[in-house]
Amino acid sequence: PGIPRHTNRLIKEKSPYLLQHAHNPVDWYPWGQEAFDKAKKENKLIFLSVGYSTCHWCHVMEEESFKNKEIGEILNKNFVCIKVDREERPDVDKVYMTFVQATSGGGGWPMSVWLTPDLKPFVGGTYFPPEDGIHRVGFRTVLLRIAEQWKENKDALLENSQKILEALLHRSEIRVRGQESPPPSKEVMATCFQQLSNSYDEDYGGFSESPKFPTPVNLNFLFTYWALHRTTPEGARTLQMALHTLKMMAHGGIHDHIGQGFHRYSTDQHWHVPHFEKMLYDQGQLAATYSRAFQISGDEFFADVAQDILLYVSRDLSDQVGGFYSAEDADSYPTAASGEKREGAFCVWAAEEIRTLLPDLVEGATEGTTLGDVFMYHYGVKETGNVSPMKDPHQELKGKNVLIVRCSPELTAAQFGLEPGRLGALLREGRRRLSAARAQRPRPHLDTKMLAAWNGLMISGFAQAGAALAEQEYVSRAAQAAAFLQRHLFDPTSGRLLRSCYRGEDNTVEQSAVPIQGFLEDYVFVIQALFDLYEASLEQSWLEWALQLQHMQDKLFWDPKGFAYFSSEAGDPSLLLRLKDDQDGAEPTANSVTVTNLLRAACYSGHMEWVEKAGQILAAFSERLQKIPITLPEMARATAVFHQTLKQVVICGDPQGADTREMLRCVHSVFSPNKV
C-alpha cells in the first residue's frame, strides 16, 4: 500500500481495532473528554461506532462506509465521531448496547449509536449498508435524516433522549426486592436442566438450531448437575447431552483440524461452516471443559482435544513475556498477491490442493487408493466444495471445503480395505502436510492486546487441564501468565488491576498513556484463575493475591443497597448507567462466577462475610433464576455450590514426596465440582 491519504487521532491509540481505522477519511476521536468537549462547544451530535478487531461485519462497514470519502465528509460536517473498541471498554459498550437492544429488539457489532452532546442515546442500530436497498435504509440517508432532525427538532430530540434514559435506568435495575433470600437450589437446577433439555439438538448436540455457539457455561452446568444426580435418569441424560455436544463440536468445522483451536461459532446446525475468528475466551473455557469431560468419562478423545486447544494457544496466541493475545481474525488474503481479504481464506481447501499435496499410494488399501482419497473421504471434502451456498452469502467459500469429520475411523478404514489401526497415522501425515502448506498462506490479523479478564479465563484453562491431565507443563504455563498479570496488569501501590496492555515494538509490553482501570469481570476471572492455579500448584502466593483482589473487588463494585456487583466502578461521569449483567453467554457473567469465587474465598480464609455476599447475589437474581435459569446456567450451578457447602480436602505430607504427589494425582483425577 502507498502512503495513506488520511490520518486521524486514532493513530495515537494502542488498540489494534482503533489503529485499523486510523487512516479513514472520518475524523475519528477515541472515547474521551476531547471529543465530549468538542460536541458541547459546537453543539453537535455524536456518532458512536463500537466494534472489535476480529469482527467480520465491522470490516464490511469500514470498507463500504468509513473509507468512503463522501460519507466521511457528511460525518465530519454534522457529527463528532467516536470509535470504541468494545474489548477495551466493555462498560461503554454495555450502556449503549442496552439501549440498542431495548429500542430495536436486536443488537450486535458494529454498533452505531447517535448521542446528544451530553452522551444520551436517541437512535441506534448495528450494521448499515452504505446506500438504500429494497429492505434497508442506507447509512448515508440515515446520517442526513438525523442531521436534519437535529436542526429542525432539537428540543424534541433532547426531551426524548431524557425519557429513554429514565426508561433504561428502570429497566436495567437488578436488585433485591424486600427480604428476598437465595432461591431454592433444587428447583433452580431442575428448571435449568429442563430448559436446556428442551432446547437440546438430539442429533448434532448443542442448544439451538443455528447459529450454534460452543457455550461452555451450559456444559459446565450439565457436568455439575450430573455430579449431584449420577444415579438418576436425568443425571444420565445430562452427561449424554454434554459429552455428545463436545464430540460433535470436536468433529465439526468449528474445530480447526489443521491449525488447532476452535472458531467462534457455527453458522449451521451441524457445527460445519464457522465464522472463522478465534477468540481467547473460547479457548480458555473449552480447554477446561474438555479436561472435565476427560475426568468424568476417562475417554482419551477429550484429553486430546484439550491438548490441541492448548497447543494452539501456546503457539499462536502467546506473548514471549507470558501474556495471552485476544484473538485471530476471520478474514485474510487468499494469496500474497491478493488485493482483498476473504473470510476463512486461511483455513479452507480446494479438493485439487489436497490431491496435489497427498498423491502417495496407500499400501495395503484397495488398488489405486491415494492418501488424498482417504483424507478427503474422512474429512468430507467434495470436488465442487462442501459449503452450501446458503451458508456463504458473499460467495467467499465457493468451490472450497471446510474440513469436518464425516465418518468413524472404522468406517473410513473399511471403505478403503485398510486395517483400522493404520488410519490414525495416515490422517496425521495428511494433517501435517496441509499444515505445512497452510503456513505459506498470508496469516489473518492477530489482535495483540492483552486483557486481564480473558487472560484469567485462559490461566484457568491451563491450570485445570494441568491438574486433570497430570501435565505439569500446563500448570507452569498458567503460573507464567499469572506472573505476567502481576507485573503488567496490576498496580501494587493502589492494589488495583488494569484492563489491558499491548504488544509494542520489539516485543515489549506497552501501556496506554492513561491506563484503563480493571472492570468487575477482570477481577472475577483473575480471582477464579488464581484459585484454580493455587489448587493445581499449591503455591500459596497465588491464594494470597486472590484474597487481596477479592477485598478490592468488594470495595470498588459492591452495591450495598440492591446487592450484587456493578460491572464498572462509580465516579465516571461519562457513563450514564452502572449496570449489572444478567446473562451467561459466550463468557459467563461476572456475578455468576463471583458466587463460587466468594464461597471458595470464605473456605480458604474463614472470612464468613463472603458467604453472606454470595447469598445476597443469588437473592438479587432470584426472580430470573426461578423463571429462566437457562439465561444464567453458571449462576444456577452456583446455587448448588451455595446450598451444598464446599467439601474441604486437606493433604498432609512432604510436598515433594512421591506419596503426596500420588495422593494429589488421585484427588485431581476425580471430577468433584464442590470442593476446595
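Visitor: Which residue in E9 is the bridge partner of Lys278?
Guide: Start with the strands; helices (H or I, at least four residues) and strands (E, at least two) are DSSP runs, numbered from the N terminus. E8 and strand E9 (residues 327-328) pair in the antiparallel sense over two bridges; pairing requires at least two bridges found by DSSP. In E9, the bridge partner of Lys278 is Glu328.

Visitor: What pLDDT do local features need in this model?
Guide: Residues are numbered from 1 along each chain as its sequence is written, and side-chain values use heavy atoms, with hydrogens and water left out. This is a predicted model: totals for chains, interfaces and linings use all residues, side-chain atom pairs count only at pLDDT 80 or more, and local features need pLDDT of at least 70.

Visitor: Which strands stand at the edges of the sheet that holds E9?
Guide: The sheet is open, antiparallel and built from three strands in the order E8-E9-E12. Each edge strand has a single partner, so one side of each is left without a neighbour in the sheet. The edge strands are E8 (278-279) and E12 (446-447).

Visitor: Which residue in E3 stands opposite Phe47?
Guide: Phe47 is in strand E2 (residues 45-51), where seven of seven residues are buried; buried means under 20% relative accessible area, exposed over 50%, partly exposed in between (1.4 Å probe, protein chains only). Phe47 points the same way from E2 as Leu45, Ser49 and Gly51, while Ile46, Leu48 and Val50 point the other way. Seven bridges join E2 to strand E3 (residues 79-85), and the two run parallel. Opposite Phe47 stands Cys81.

Visitor: Which residue in E4 is the bridge partner of Leu48?
Guide: Leu48 is one of the buried residues of E2. E2 and E4 pair in the antiparallel sense over five bridges. In E4, the partner of Leu48 is Val113.

Visitor: Which residue in the turn between E4 and E5 has a positive phi?
Guide: Strand E4 (residues 111-115) runs antiparallel to E5, joined by four bridges. One of the bridge pairs is Leu115 with Pro121. E4 and E5 form a hairpin with five residues between them. In that turn, a positive phi of about 75° belongs to Leu119.

Visitor: Which helix gives the most to the largest nonpolar core?
Guide: A nonpolar core is a set of buried Ala, Val, Leu, Ile, Met, Phe, Trp, Tyr and Cys residues joined through side-chain atoms within 4.5 Å. The largest has 151 residues, and those with the most contacts inside it are Leu75, Phe79, Trp114, Phe139 and Tyr290. With 12 residues, the top contributor is helix H19 (residues 520-537).

Visitor: What distance separates the centres of domain 1 and domain 3?
Guide: The bounds, from an automatic or database domain assignment, give domain 1 (10-172), domain 2 (185-265 + 279-331 + 447-669) and domain 3 (347-440). Taken over C-alpha atoms, the centres of domain 1 and domain 3 are separated by 45 Å.

Visitor: Is helix H11 largely enclosed or open, and which residue follows it?
Guide: H11 (residues 280-297) has 18 residues and reaches 26 Å from first C-alpha to last, close to the 26 Å expected; the expected span is 1.5 Å times one less than the number of residues. In H11, 17 of the 18 residues are buried, so it is largely enclosed by the rest of the structure. After H11 comes a residue with positive phi, near 70°: Gly298.

Visitor: Which helices do the buried residues of H9 pack against?
Guide: Helix H9 (residues 216-228) reaches 19 Å from its first C-alpha to its last, close to the 18 Å expected. In H9, 12 of the 13 residues are buried, so it is largely enclosed by the rest of the structure. Among them are Phe221, Tyr225 and Trp226. The buried residues of H9 pack against H8 (185-199), H10 (233-251), H11 and H24 (633-644).

Visitor: Which residues does Ala468 touch?
Guide: Ala468 is found in helix H17 (residues 452-468). At 11% relative accessibility, Ala468 counts as buried. Contact means heavy atoms within 4.5 Å. Not counting residues up to four places away in sequence, Ala468 touches Ser291, Phe294, Gln295 and His668.

Visitor: How far apart in space are Leu144 and Tyr265?
Guide: Leu144 is found in helix H6 (residues 139-152). At 44% relative accessibility, Leu144 counts as partly exposed. Leu144 and Tyr265 are 121 residues apart in sequence. C-alpha to C-alpha, they are apart in space by 36 Å.
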